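Let's take a walk through this fold together, starting from the inside and working outwards. Have the structure open as you read.

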Amino acid sequence: MTRTRAYRDGVLQKADFPVADVSDFLADPGTAVWVDLCEPSEADLAELAAELGLHRLAVEDAVHERQRPKLDRYDGHAFLTAYAVRFAAETGSLATSELAAFITRNALVTVRKDDGFDIEAVVRRWDQNTELTQAGVPFLVHGLLDFVVDGHYEAVQALDEQVEALEDLVFDDRPDQSQLQRRSFRLRKSLTALRKVVLPMREVISSLMRPDLKLAGELTRPYFEDVHDHARQAAEQTESLRELVGTIRETQLNLQGNRLNLIMKKVTGWAAVIAVPTAVTGFYGQNVPYPGNGTPAGFWTSTAVMLVLSAGLYGLFKKKDWL
């Protein structure tokens, strides 16, 4: 599906017109055009690339998946790659949708690698925030980046809540170790994937704000700086959460080791207490005569020795908090 829009002097003139009509709108210097393509091939982009003078390498990157977030500059246009993210709290998994964009003086061409990127949400953002419409292409680029970065920030906040819940589970009296391991590894995997798409956005937005690109002008610079600040916050929180998950995992292992040591200490203490009557009865079980052999006095003497020594060991271990 192809989406198109044309703005003239800050007013939406026409929407959903054929791509073949793009050249007619571009002939007017006061017009800003947006074209959106979903899963196109290089052949699908050929006509538009020729019309806008898009570089062949940028066109190749636009149709091939798994590009890193970046901003490449060519003669006459810039090429942007970014990722929208969606975090599912129920499963703890992170889904990403890749987007490529060609930015020219009076046109923005977005290329979605799949239909997971919610372009309708971007359009709604453009329609709701009309204070920058007169800026033309910078208005379109800002709305697109604002949507992407807000998605990053929302995913970070959701992951933060998941990490806090994981911390509470670690200090339960009887934590489910297998559940803790699954959740911690799943969160760490999601944070690693998020880090790959969030961290580069700081540099991407900084490059877009350079004066020679003429996107962050007097009117739009505060808005681009706001997006850049949100991108920086998302990146910093992602790094902090990633380290925190690792710390939680180390804490879990330490607590598990401490609990195991406590159990071993108690088992060893009880084994020592039990060893006393075992030793006494073993001594009296010899097939040789000994004092009190075959008499009631010998039985009561051995019983008293076992009770006294066992009680003494129990009291000693209890005092040392071994039992």
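Start at isoleucine 103 in this predicted model. Leaving out residues up to four places away in sequence, Ile103 touches His77, Ala78, Leu80, Leu108, Val137, Val141, Leu208 and Leu215. Which residues touch the most other members of the largest nonpolar core? Ile103 belongs to that group, together with Phe117, Trp126, Val141 and Leu145, in a core of 38 residues. Two or more residues each are given to this core by the strands β3 (31-38), β5 (77-88) and β6 (93-103) and by the helices α4 (119-128), α5, α6 and α7 (221-284). The largest share, 9 residues, comes from α5. Another core lies apart from this one; it has 23 residues, including Ala6, Val35, Ala49 and Phe79.

Now turn to α4, where Trp126 sits. Its buried residues are Ile119, Ala121, Val122, Val123 and Trp126. What covers the buried residues of α4? The cover includes β1 (2-8), β3, β7 (107-112) and α5.

From there, follow α5 to its partner. Helix α5 spans residues 137-170 and helix α6 spans residues 177-208; their axes come within 10 Å of each other and cross at roughly 155°. Angles over 145 degrees count as roughly antiparallel, so α5 is roughly antiparallel to α6. The crossing of these two helices is left-handed. In the contact of α5 with α6 there are 20 nonpolar residues, 5 polar ones and 1 charged one.

A second helix pair is worth a look. Helix α2 (residues 42-52) and helix α3 (residues 56-63) also have axes that come within 10 Å, and here the crossing angle is roughly 140°. How do α2 and α3 lie relative to each other? They are oblique, because that angle falls outside the ranges for parallel, perpendicular and antiparallel. The crossing of α2 and α3 is right-handed. On the α2 side, the contact is made by Glu42, Leu45 and Ala49, and on the α3 side by Val59, Glu60, Ala62 and Val63. These contact residues divide into 5 nonpolar and 2 charged, with no polar ones.

Between these two helices is a loop that holds histidine 55. Is histidine 55 buried, partly exposed or exposed? With a relative accessible area of 34%, histidine 55 is partly exposed. Beyond its neighbours within four places in sequence, histidine 55 is in contact with Tyr74 and His77. His77 is a residue you have already met, as one of those touched by Ile103. For a sense of scale, the C-alpha atoms of histidine 55 and arginine 259 are separated by 63 Å, with their positions 204 residues apart along the chain.

Finally, a word on the backbone. Most residues other than glycine have a negative phi. Where do you find glutamate 39? Glutamate 39 is in the loop between β3 and α2, and its phi is positive, near 50°. Glutamate 39 counts as exposed, at 54% relative accessibility. Lysine 214 also has a positive phi, of about 60°, although it is not a glycine. Lysine 214 is in the loop between α6 and α7 and is exposed, with a relative accessible area of 72%.

Terms used:
Residues are numbered from 1 along each chain as its sequence is written. This is a predicted model: local features need pLDDT of at least 70, side-chain atom pairs count only at pLDDT 80 or more; totals for chains, interfaces and linings use all residues. Side-chain values use heavy atoms; hydrogens and water are left out. Axes are lines fitted to C-alpha atoms, for helices over the stretch in contact, and angles run from 0 to 180 degrees between N-to-C directions. Helices (H or I, at least four residues) and strands (E, at least two) are DSSP runs, numbered from the N terminus. Angles under 35 degrees count as roughly parallel, over 145 as roughly antiparallel, 65 to 115 as roughly perpendicular and the rest as oblique. A crossing is left-handed if the near helix is turned anticlockwise from the far one by less than a right angle, and right-handed if clockwise. Ala, Val, Leu, Ile, Met, Phe, Trp, Tyr, Cys and Pro count as nonpolar, Asp, Glu, Lys and Arg as charged, and the others, Gly among them, as polar. A nonpolar core is a set of buried Ala, Val, Leu, Ile, Met, Phe, Trp, Tyr and Cys residues joined through side-chain atoms within 4.5 Å. Buried means under 20% relative accessible area, exposed over 50%, partly exposed in between (1.4 Å probe, protein chains only). Contact means heavy atoms within 4.5 Å.
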